[in-house]
Amino acid sequence: MQSQEEKLNLFLQAINDYAEEQRLRILTEMEEQTSTAISRAEKEALSTAYRHIQKETAEVRSSIAHDLAARELEGRRKLFEHRAAIEKDVFARALKKLTAFTASEKYAEFLCSAARIAAKHFAAAPDGALIRLREEDMKYADAIRAAYGAECQFAADSQIHIGGLLAVSAPLGRAIDVTLDGRLENQHEWFEENAGLTIG
């Protein structure tokens, strides 16, 4: 038979075993809960980080797109300015050459040729044409009249700056512009289409 002390030792041992078992069970539950909580926290942190990265990426892309658009706009503006400067220079040189041409010996023949062009257009009613010239070109009136080959009148026209003539037929209701001013002005559109300076 067991003594009282042995019974007490067995009872204490049983309590200790039960306490150890409960401690291990509690530790295991705590580890499981901790692991679950950590896993949940990690997932939440990753989700938050992902959303933050997505937001930052979207903002960076938007900023880059805005910056690129601004740079492209600035580049186009500079190209337009450069093209305008080239066009201005080209037409300034052309004006200089045309002005020099009006001081040359060939200019009188140009005016006579322009008068013959007007005569062809006014062939149905050649008499009574009005030929408008620069004030300084009025000295060519006799040569122009001879080239025109019909009765015509002359008038100075302050709107003609470079040279040439503008022939007007009242009976036909027509005008023929053979001015150097008009020809130069008409070259602007041709220049824009053919100079290779288009900005797409």
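Here are legends for three close-up views of this predicted model.

In this model, local features need pLDDT of at least 70, side-chain atom pairs count only at pLDDT 80 or more, and totals for chains, interfaces and linings use all residues. Residues are numbered from 1 along each chain as its sequence is written, and side-chain values use heavy atoms, with hydrogens and water left out.

**View 1. Meet Thr-102, in helix α1 (residues 4-102).** Helices (H or I, at least four residues) and strands (E, at least two) are DSSP runs, numbered from the N terminus. With a relative accessible area of 10%, Thr-102 counts as buried (under 20% relative accessible area, 1.4 Å probe, protein chains only). A polar atom of its side chain sits 2.6 Å from the backbone oxygen of Thr-99. Leaving aside residues up to four places away in sequence, Thr-102 touches (heavy atoms within 4.5 Å) Tyr-107, Arg-134, Ile-162, Gly-163 and Leu-180.

**View 2. Now for the largest nonpolar core, with 29 residues.** Such a core is a set of buried Ala, Val, Leu, Ile, Met, Phe, Trp, Tyr and Cys residues joined through side-chain atoms within 4.5 Å. Ile-131, Ile-144, Tyr-148 and Leu-165 have the most contacts inside it. Helix α2 chips in the largest share, eight residues. Among the residues that Ile-144 touches are Leu-111, Phe-154 and Leu-165.

**View 3. Here four strands make an open sheet, ordered β2-β1-β3-β4.** The pairing is mixed; two strands pair if DSSP finds at least two bridges between them. β2 and β4 are the edge strands, each pairing on one side only. Six bridges join the antiparallel β3 and β4, and Ser-169 stands opposite Arg-174 in β4.

Note on methods: Buried < 20%, exposed > 50% of the residue type's maximum accessible area, 1.4 Å probe, protein only. Polar contact = N/O pair within 3.5 Å; in protein donor to acceptor, adjacent residues only side chain to side chain.
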